[in-house]
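Morning, everyone. I have one structure to go through today, and I will take it a piece at a time. Please have a look at it before I start.

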Amino acid sequence: MLQFIGRRLLALVPVLLGVTFVAFYAMYLTPGDPALLILGERATQERVDALRRELDLDKPFLVQYGTFLARLAQGNLGRSTQTNNPVIEDIAQRFPATIELTLAAMVVACVVGITAGVVSAVRQYSAFDYAAMVGSLVGVSMPIFWLGFVLMLVFSLRLDWLPLSGRYDVALYFPRVTNFVLIDSLLDGNREAFVSGLKHLVLPAVTLSTVPMAIIARMTRSAMLEVMRQDFVRTARAKGLGGFPVVLKHALRNAFIPVLTVIGLQFGLLLGGAILTETVFAWPGVGRLTLEAIYTRDYPLIRGCVLVVATTFVLINLLVDLLYAVIDPRIRVG
């Protein structure tokens, strides 16, 4: 197992280097002079030259990239040109909100998607199977921003059951330790803040979960149907095992590898693709921070957000690879 983990960690190094190169090169190819775009057309040439020296824009590309890697190794992503704060601090304040939203969305997607996929496979061609597959097709096709507005209209404006936007009621106070609202409210023993955080989380989490939920449901159904036709499932049933143990212990475990792959990919995609959801619900996460940085042409912050999201995506895929070995020992032996 240790050798398997070591091989995966070694394979991670060139991937992360490639991520840093692509993120840096994409900003390098941006048309126009970044210093002039940041300061505006009325800026004096002295200020433009000073900012170019500060951002190392007056040096060759390879020198700029080498300096960037050296600073990155020290945990330095530069300073935001708008707030003048270290980029890593701005991201650290907003990233927990994105993680909280993404985790909640994936919990909803996995619970509903896996359950629907398993039931659809067990009861193939039933009314539930057709309804689940039609629902998954609608979920994949539906625009997230449109669904978000519909949910806000129904559950916030018409029924007044859930809050419209934000992470919690701004009138509430509790110390921010981890920047996770649910965790910080529990640490403070503030039940009202915890309930408020949960209520604010429901609508954006459900909105963000629709696409991965549909994909997970279809993949689970497909994988379950394939496994349930195998000889070992028929043998287990011939030995007198009931339907529930056969489905969960034998079929689902062997069908879970492709499902786990989809879950890992969707989780990584949600971390970087929550911009629309965070914008619609005024959720202060990294997606919204990236959009704000694009509007203000804050190149160090844009590069930092892209790097953090891409690195998180790579690490999630590493975790999925390790979970493969836990679920199926043949993978680490191979």
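Why does D58 count as partly exposed? Its relative accessibility is 44%, and partly exposed covers the range between 20% and 50%, so D58 falls in that class. Before I go on, note that this is a predicted model.

As for where D58 sits, look at the loop between α3, residues 45-54, and α4, residues 61-73. If we leave out neighbours within four places in sequence, D58 is in contact with R52 and R53.

Now a second residue, C305. Is C305 buried or exposed? C305 counts as buried, because its relative accessibility is 1%, and the cut-off for buried is under 20%. You will find C305 in helix α14, which runs over residues 299-327. Not counting residues up to four places away in sequence, C305 touches I91, V286, L289 and T290. Take L289 from that list: C305 and L289 are 16 residues apart along the chain, and their C-alpha atoms are separated by 8.0 Å.

Next, the nonpolar cores. The largest one has 34 residues. Which of its members touch the most other members? They are M106, I114, L201, I216, M224 and I263. Three elements give two or more residues to this core: α5 (87-122), α9 (191-228) and α11 (243-273). There is also another core, lying apart from the largest one, with 24 residues, among them L77, I91, F95 and V309. You have heard I91 already, as one of the residues that C305 touches.

Back to M106 for a moment. Leaving aside neighbours within four places in sequence, M106 is in contact with P212, I216, I263, Q266, F267 and L270. Two of these names, I216 and I263, were also in the list of core members with the most contacts to other members.

Last topic, a pocket. The second largest pocket has a volume of about 210 Å³. Its lining is made of 14 residues, and the closest to the pocket centre are V112, G135, S136, M213 and A214. Which elements give two or more residues to this lining? Those are α5, α6 (127-141) and α9, with α9 giving the most, 5 residues. By class, the lining has 9 nonpolar and 5 polar residues, and no charged ones.

That is my part. Any questions, please ask.

Technical notes
Residues numbered from 1 in each chain as written. Predicted model: local features only at pLDDT ≥ 70, side-chain atom pairs only at ≥ 80, totals over all residues. Heavy atoms only, no water. Helix = DSSP H or I, 4+ residues; strand = E, 2+ residues; numbered from the N terminus. Buried < 20%, exposed > 50% of the residue type's maximum accessible area, 1.4 Å probe, protein only. Contact = heavy atoms within 4.5 Å. Core = buried A, V, L, I, M, F, W, Y, C linked by side-chain atoms within 4.5 Å. 1 Å grid on protein atoms, 1.4 Å probe; cavity = no way out; pocket = protein on both sides within 12 Å on 5 of 7 lines; lining within 4 Å. Points joined across faces, edges and corners; volume = space filled by probe spheres on them. Nonpolar A, V, L, I, M, F, W, Y, C, P; charged D, E, K, R; others polar.
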